[in-house]
2 protein chains.
Amino acid sequence: MKGFTQLSVSDWFYRNRYIAGFSNPARSLYQAVRELVENSLDACEIAGNLPYITVDLKLVSERKSPKVYRLTVSDNGTGIPPEHVPQAFCTVLFGNKFELKQHRGLFGLGAKMAVLYSQITTYKPIEVTTCYDGCIEHSFQLQMDLKNNKPIVLSVTSRKLRKPRTGTTVTLYLVGDYDRSLGSRSTGELIIEYLRLSAIANPHSTIVFSDPYGMIYKFERSVDKLPPLPKEADPHPHGVDAEMLKRMIEGSRNTSLQAFLSKNFDRVGPRKALEFLKWAGFDPSRDVKELSNEEIVKLTNAFKAYDKFLPPSSNILSPIGAEELKAAIVKLFTPEFVKTVTRPPKSYSGYPFQVEAGIAYGGPMIEKMCNREGNFKLLFRFANKIPLLFDERGDVCRKVVDGINWRQYRIDDATPIAIFIHVCSTRVPYKTAGKEMIADVEEIEEEIKLALMDCAREVRRYIYRKLKAEKEQERLNI
Amino acid sequence: MKGFTQLSVSDWFYRNRYIAGFSNPARSLYQAVRELVENSLDACEIAGNLPYITVDLKLVSERKSPKVYRLTVSDNGTGIPPEHVPQAFCTVLFGNKFELKQHRGLFGLGAKMAVLYSQITTYKPIEVTTCYDGCIEHSFQLQMDLKNNKPIVLSVTSRKLRKPRTGTTVTLYLVGDYDRSLGSRSTGELIIEYLRLSAIANPHSTIVFSDPYGMIYKFERSVDKLPPLPKEADPHPHGVDAEMLKRMIEGSRNTSLQAFLSKNFDRVGPRKALEFLKWAGFDPSRDVKELSNEEIVKLTNAFKAYDKFLPPSSNILSPIGAEELKAAIVKLFTPEFVKTVTRPPKSYSGYPFQVEAGIAYGGPMIEKMCNREGNFKLLFRFANKIPLLFDERGDVCRKVVDGINWRQYRIDDATPIAIFIHVCSTRVPYKTAGKEMIADVEEIEEEIKLALMDCAREVRRYIYRKLKAEKEQERLNI
Ligand SMILES: Nc1ncnc2c1ncn2[C@@H]1O[C@H](COP(=O)(O)OP(=O)(O)OP(=O)(O)O)[C@@H](O)[C@H]1O
Ligand SMILES: Nc1ncnc2c1ncn2[C@@H]1O[C@H](COP(=O)(O)OP(=O)(O)OP(=O)(O)O)[C@@H](O)[C@H]1O
Ligand SMILES: [Mg+2]
Ligand SMILES: [Mg+2]
């Protein structure tokens, strides 16, 4: 591409796909599974259904290389309105999760990256079968026009369902490498680990994985009801910049400044709006649509400087829950001792977030994993209930774990512990479009530290009592 | 944004600007300086001019908060053709560095992110003054239509230059925080460090920085001629996927497969093309435009599997040079000893790359820096001659440094050393759009390790001789 050009966004993400996690065939296979499963979990949550998700991965190539797989992911979620299916899978930056709400998805990119990668490695069309209204099921064969960011609909068929249900099934073919090692484990092991940890973060969901060797892994739900579901939030004054405010004003009717503020911002009512406007030096009865650009900037700066706004609504978040997290850790890791905690909600730059953590100590399984990894502080990270398995070194969670003085909690370099950290928010500050690292936001870093210290204190108490009991036993035996 | 929507790419990067390094006012100020300076260095290189770049940063706000700065960056580069100026600064994914060549820029995004951040924090238009033809200078006042990814041209003026010259000056206003600490140093110190390290990587360039307190920092060029400049490369067969091949075929005339391969691929001539096509089972005289999608995929897979292609051309890269790097390190860090090395070029996935490294040992300056950082392995990273100052933990360079057994080189935890690593390539695999971390590409990781070991061996020899001389001295003194 010589000379001055404008790239389409699909072309840009095609050329820079490694930024979204599609770097090599092994990693891309993992990422494709992840993007589809996360879409299914989001869809089931939005539908209010207990998730039942199947993942089928089969080797379809005959030659030794490249390995071509057929990946099929199926769910009982909302389904997708047929008029939106082609764009949902073939138009980059198209989606319905751009709102201020705790979803797994947020970029409008994931499904398209999986489709893009499938296309450039096999040029086989993808197939999407979905039912949104409960009675008519539509099946699409699609390809991406990567130059123009448009779908190419190769075929559409529809049929009446005998039994009413909603949901989506996506099938795509892609080059991958299930057996190749990525770090200390194979891609297959990482995919299974991802699904297993998804079951920890989503104890109400059942995920069935059928691998290329015909093995079936069934992660059964351990809880039979949905957690309290996330809700949409209004923007908070601390999360506003001049562009955002300008657009909110353009989208509103002619109305007084006071009314505008009290209708559009999280936990800002008429009285708080009046209080703030007087402090900021604005006439509350002024027509909001008459503000000049300079005044909009002045108002935005005043928002940020005013410290008497109530913190953002936090009942809109959906944590895993300390008891649920503990039960899942016990079931999966059979530790000798585990302590979990859910911190109270906080906020950064106007976005509410909540940190949950757990430390599991000892037990044969954790000891074995520590020995195999050569690392006695195993770290399991989650963001909006998504397990993050890559790029641990660049994640704020690892930074906090490395910065804690563990010896003061009787945890030295040979004490086998597994650390679990979950950050949920209306906007998780990922470092990359591949969603593998949480950025070093001060408020989040601080909360992770406090959560780990809460857990570590309990672990210390347990270890102390255990040592005491052991000494007592020795004393009695002598 | 509720319901199904398609975001424009400018809207997407506005909402996700932290992914491009614009996370908080302090970091954003740094990133804005960086993006403009890197554009200037690219432009001077393309023009074949010894770079003379001025950076002026002034605090213009009167109130204590927020701090509004005026940033002006000026260069003697190519200038920008006036018909392209509005889009170059206001249309995301517009640029002229999408080719396969070693530039600092590659995303078509940097300038727009700086302008976007300026706009959402101050809503002041940016000003770009540029001369491309050497005689008429154009001045633009611009804003971004962020919803539609279009420039808004507020004014254009032009004047005849009395003396012929080319170059560009960009002025923008933005909220920042020059004094706030980011990690262990202030934003201002990091900006100065960035410019100082740029002078190491670009010894032929002069950069003058005038800070908000009126201090002038002049980084004078230490070399009076340009390094051998990078050239454009043809795609290499190992760097091809089915989409890319399909487009190359669509863009070519009707021609035989053999002619198509020998004209379009790096170091593939008619004989190598014939050899490969026979091996891959293709008729060399077949019309390339008649290939079906399946055959294109088969050809792409054959490209990747064939191991008799010559490695990619490497004379197209432009390393700093071992001698130049050493001279710059000596000048800036006055170490007791320094060893630098430029490794031979290699390639990953068809992209040529080259690693250079240096280890500087001892001397008062390095000792002082090690003590202040509390870290005795200072790491200075560069990619395509850009200093990388953030997100060290997530960078492959840090991973390699942590993985080396330094004690076998007589370098223990209290030995003060500074490590320099430079990776240049036609495509540096950055993890993020903010260009702060190099990804863990195996071939690159291996080369960094070998380069550091080359340098470490020399440092060990020096330390050994030093200790021996000290013992000898003690012996004589007794
Ligand atoms: N299994 C599914 N069930 C229902 N809707 C789906 C499903 N898969 C995709 N979608 C729809 O397609 C849209 C695009 O999905 P995509 O993964 O590309 O983006 P996203 O999930 O919104 O964000 P992200 O890029 O962060 O994953 C979604 O917003 C959703 O509306
Ligand atoms: N100082 C300058 N001199 C000459 N051309 C410039 C200058 N600044 C910007 N440009 C032009 O504007 C284009 C857009 O710049 P921008 O920084 O947005 O993208 P880029 O440099 O191509 O890639 P990246 O996003 O990686 O920086 C450049 O490709 C270049 O053609
Ligand atoms: Mg998604
Ligand atoms: Mg640039």
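Pro66(A) sits in the loop between strand S2 (52-59) and strand S3 (67-75) of chain A, and the peptide bond leading into Pro66(A) from Ser65(A) is cis, with omega near 0°. Keep in mind that this is a predicted model. Besides that loop, the things to look at here are two ligands lying between chains A and B, plus two helix pairs in chain A: H2 with H5, and H7 with H8.

**Cis prolines**

- Chain B has a cis bond to point out as well: a cis peptide bond joins Ser65(B) and Pro66(B), and omega there is about -5°.
- Pro66(B) belongs to the loop between strand S2 (52-59) and strand S3 (67-75) of chain B.

**Ligand 1**

- You'll find ligand 1 between chains A and B.
- There are 25 residues around ligand 1, and the ones that come nearest are Leu106(A), Leu109(A), Gly110(A), Lys112(A) and Lys435(A).
- Leu106(A) also brings in its backbone: a backbone N or O atom of this residue is 2.7 Å from an oxygen atom of ligand 1.
- Two side chains are worth clicking on: Asp75(A) puts a polar side-chain atom 2.9 Å from a nitrogen atom of ligand 1, while Asn96(A) has a polar side-chain atom 2.8 Å from an oxygen atom of the ligand.

**Ligand 2**

- Ligand 2 also lies between chains A and B.
- Of the 25 residues around ligand 2, the nearest are Leu106(B), Leu109(B), Gly110(B), Lys112(B) and Lys435(B).
- Gly110(B) offers a backbone N or O atom that lies 2.7 Å from an oxygen atom of ligand 2.
- On the side-chain front, an N or O atom of Asp75(B) is 2.9 Å from a nitrogen atom of ligand 2, and a polar side-chain atom of Asn39(B) is 2.9 Å from an oxygen atom of ligand 2.

**Helices H2 and H5 of chain A**

- Helix H2 (residues 25-47) and helix H5 (residues 187-201) of chain A have axes that come within 9 Å and cross at roughly 20°.
- Angles under 35 degrees count as roughly parallel, so H2(A) is roughly parallel to H5(A).
- The crossing of H2(A) past H5(A) is right-handed.
- From the H2(A) side, the contact uses Ala26(A), Leu29(A), Tyr30(A), Val33(A), Arg34(A), Val37(A) and Glu38(A); these meet Thr187(A), Leu190(A), Ile191(A), Tyr194(A) and Leu195(A) of H5(A).
- By type, the residues in this contact of H2(A) with H5(A) are nine nonpolar, one polar and two charged.

**Helices H7 and H8 of chain A**

- For helix H7 (residues 257-264) and helix H8 (residues 270-280) of chain A, the axes come within 8 Å and cross at roughly 125°.
- That angle makes H7(A) and H8(A) oblique to each other.
- H7(A) and H8(A) make a right-handed crossing.
- The H7(A) residues Leu257(A), Gln258(A), Leu261(A) and Ser262(A) meet Pro270(A), Ala273(A), Leu274(A), Phe276(A) and Leu277(A) of H8(A).
- The residues of this contact of H7(A) with H8(A) split into seven nonpolar, two polar and no charged.
- In the loop between H7 and H8 of chain A, look for Arg267(A); phi of Arg267(A) is near 60°, a positive value in a residue other than glycine.

Note on methods:
Residues numbered from 1 in each chain as written. Chains lettered and ligands numbered in written order. Predicted model: local features only at pLDDT ≥ 70, side-chain atom pairs only at ≥ 80, totals over all residues. Heavy atoms only, no water. Axes fitted to C-alpha atoms, helices over the stretch in contact; angles between N-to-C directions. Helix = DSSP H or I, 4+ residues; strand = E, 2+ residues; numbered from the N terminus. Parallel < 35°, antiparallel > 145°, perpendicular 65-115°, else oblique. Left-handed = near helix turned anticlockwise from the far one by under 90°. Contact = heavy atoms within 4.5 Å. Nonpolar A, V, L, I, M, F, W, Y, C, P; charged D, E, K, R; others polar. Near = heavy atom within 4 Å. Polar contact = N/O pair within 3.5 Å; in protein donor to acceptor, adjacent residues only side chain to side chain.
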